[in-house]
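Dear colleague,

I am handing over the structure we spoke about, and below it you will find what came out of going through its salt bridges and its overall build. Please read the notes with the model open beside them.

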Amino acid sequence: VNLGKRNVATSRVANMLGLKDLIAQSKSVKVHDQSTGNVIQGNLMEKASGKDAYEAETETRNVLRAIADYNERENAAYNKISPMLQKQFSSLQVLDYICGQGDRNNQNFFVDKTEETYDKITGIDNDMSFSTGEDLEAEMRKRKSFVVYLKMVVDSNNNLVIPHMD
């Protein structure tokens, strides 16, 4: 299935498109275990800053619930997300379309904030890229592993399913 290679390939495509900071960079590496003499091949991905979007959304929702006035609460919610974050999210959706990423959910990207405004997004877990999704799902079933959540960026009629595009 080459999951590690797919992750590395997504990093390379992001870099070619000038979107290096949008994806946690990933590289294939070989590590020599001096105690056993074995060479282990694997994948290293840089650590994304911030927290996963699910955690950030839950935290923000809890803060906003404490604001009684509807207009004040709506304004506070609007001010939590910077225009830069909205632009980055749109760019991530386009990158995911180009790379065939079928597993972008709110636990596969991190958001970071300065003070109270979220202003940076970083895509992680890009190993489901470059697939129709069917080959990965079949492999996971064969291994009796978890069944992955696959959400394709095109529907069965090949229509683009991206709500916003930069």
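To begin with one pair of side chains, Asp96 and Arg104 meet in a salt bridge, with N and O 2.8 Å apart. Please keep in mind throughout that this is a predicted model, and that the distances and accessibilities quoted here are computed from it. Both partners of this pair are buried: Asp96 has a relative accessibility of 4%, and Arg104 has a relative accessible area of 15%, where the cut-off for counting as buried is under 20%. Elsewhere, Lys51, Glu59 and Lys113 are joined into one network by salt bridges that share partners. In total, the structure holds 5 salt bridges.

A further salt bridge links the side chains of Lys80 and Glu116, at 3.1 Å from N to O. Lys80 belongs to helix H3, which covers residues 70-80, while Glu116 sits in the loop between strand E4 (109-114) and strand E5 (117-123), so this pair ties together parts that are 36 residues apart in sequence. Lys80, with a relative accessibility of 11%, counts as buried.

The salt bridge between Glu57 and Arg61, whose closest N and O atoms are 2.6 Å apart, has another setting. Both residues lie in helix H2 (residues 53-65), and because they are 4 residues apart there, about one helical turn separates them. As for their surroundings, Glu57 is partly exposed, at a relative accessible area of 35%, and Arg61 is also counted as partly exposed, at 40% relative accessibility.

Turning to the protein as a whole, its secondary structure comprises 5 helices and 5 strands, and these follow one another along the sequence in the pattern α-β-β-β-α-α-α-β-β-α. The protein has 166 residues, of which 34% count as buried. Among the contacts with a separation of 6 or more, 60% are made by residues 24 or more positions apart. The accessible surface amounts to about 10,700 Å², and carbon and sulfur atoms account for 51% of that area.

If you would like a place to start looking, I would suggest the pair Asp96 and Arg104, both of them buried, and then the pair Glu57 and Arg61, both of them partly exposed.

With best wishes

Key: Residues are numbered from 1 along each chain as its sequence is written. This is a predicted model: local features need pLDDT of at least 70, side-chain atom pairs count only at pLDDT 80 or more; totals for chains, interfaces and linings use all residues. Side-chain values use heavy atoms; hydrogens and water are left out. A salt bridge is a side-chain nitrogen of Lys or Arg within 4 Å of a carboxyl oxygen of Asp or Glu. Helices (H or I, at least four residues) and strands (E, at least two) are DSSP runs, numbered from the N terminus. Buried means under 20% relative accessible area, exposed over 50%, partly exposed in between (1.4 Å probe, protein chains only). Contact means heavy atoms within 4.5 Å. Accessible areas come from the Shrake-Rupley method with a 1.4 Å probe; for residues, only the protein chains shown count as cover.
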